[in-house]
Amino acid sequence: RLAAVCASSALLAGLTFPLFAHWTWGGGFLAQLGTNYGLGRGYLDAGGAGPIHALGGLTALAITWIVGPRRGKYTSEGMPMAIPGHNPVLVLFGCLVAFVGWLGLNSAGAILFAGVELGRVPVIAVNTMLGASAAALATAVITKLRFGKPDASLTANGWVGGLVASSAVCAFIPPAAVLIVGLVTGALVTFSVELLDLRLEVDDPGGSISVHAVGGIWGVLAVGLFGQLEAGGDGQLLAQAVGVATLVGFVLPF
């Protein structure tokens, strides 16, 4: 219903996003974890994998749980029925267009929120491409091995999931590590879609929860695992984990 869509969107845009964005980028308690508690450089997220993507994905999880599945999605025995999109070519083209926008998102975020110099923007662009490509490749290989041919829809989800994860790490880790992050993202997205659809009966038509929540959380944690920080990197993984716990504990109930 339109009223419900407007109300949930107003709650997201007016409360949950501004608060978490302030905690992350506005000098809030997550940004000060390093100063106040000695946890690395505080919670780091260059392009918004947490404040934008994981926050949106967790919100989607809450809403889909409340709304329930579409009619005809599950049989009387609880088996999910595939309701594919009508045009995989347009889906994949949309993912390519999204990559263009992500270049600006990650580059601007790294400059504004991570203090990256302009000279590092090409590296950020390369990291964004590598993260998405590795995730799409991982998804294509996994679906080929499991189903006999690559699944276009899941591969598209893997590609965007790689973009999501790259938003957190693009300014902090080298390209070789981004490849690892992307490969793991592709695997996580693939199996997360199956877990939600088949095991938990959460009907997510576009895979938004897996792409944005799972990909975003993994990207946030990857900063702590692979980040090459110039100074004050001790405890960075714990700072990132505090950020994830805050996301789940604050956002999901809303």
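**Threonine 139**

I looked up the side chain of threonine 139 in this predicted model and found one of its polar atoms 3.3 Å from the backbone oxygen of glycine 186. I placed threonine 139 in helix H5, residues 121–147. I then asked whether threonine 139 is buried or exposed. Its relative accessibility is 0%, so I entered it as buried. Leaving aside residues up to four places away in sequence, I listed Leu154, Thr155, Gly158, Gly186 and Thr190 as the residues that threonine 139 touches.

**Helix H9**

I next checked the length of helix H9, residues 236–251. Its 16 residues should span 22 Å at 1.5 Å a residue, and I found its end C-alpha atoms 22 Å apart, which agrees. I recorded Gln236, Ala239, Gln240, Gly243, Val244, Thr246, Leu247, Phe250 and Val251 as the buried residues of H9. Viewed down the helix axis, these buried residues lie within an arc of 155°, and therefore they line one face of H9. I noted that their cover includes helices H1 (2–25), H2 (33–37), H3 (49–67) and H8 (208–226).

**Aromatic pairs**

I searched the whole structure for aromatic pairs and obtained six. One of them joins tryptophan 23 and phenylalanine 29 in an edge-to-face arrangement, with 5.3 Å between centres and 65° between planes. I classed tryptophan 23 as buried because its relative accessible area is 18%, under the 20% limit. Phenylalanine 29, at 39%, I classed as partly exposed. I also traced a cluster in which ring pairs link Phe20, Trp23, Phe29, Tyr43 and Phe250. Phe250 had already appeared in my list of buried residues of H9.

Definitions and conventions:
Residues numbered from 1 in each chain as written. Predicted model: local features only at pLDDT ≥ 70, side-chain atom pairs only at ≥ 80, totals over all residues. Heavy atoms only, no water. Helix = DSSP H or I, 4+ residues; strand = E, 2+ residues; numbered from the N terminus. Expected span 1.5 Å × (residues − 1). Buried < 20%, exposed > 50% of the residue type's maximum accessible area, 1.4 Å probe, protein only. Arc of directions from axis to C-beta. Contact = heavy atoms within 4.5 Å. Phe/Tyr/Trp six-rings, centres within 6.5 Å; stacked < 30°, edge-to-face > 60°. Polar contact = N/O pair within 3.5 Å; in protein donor to acceptor, adjacent residues only side chain to side chain.
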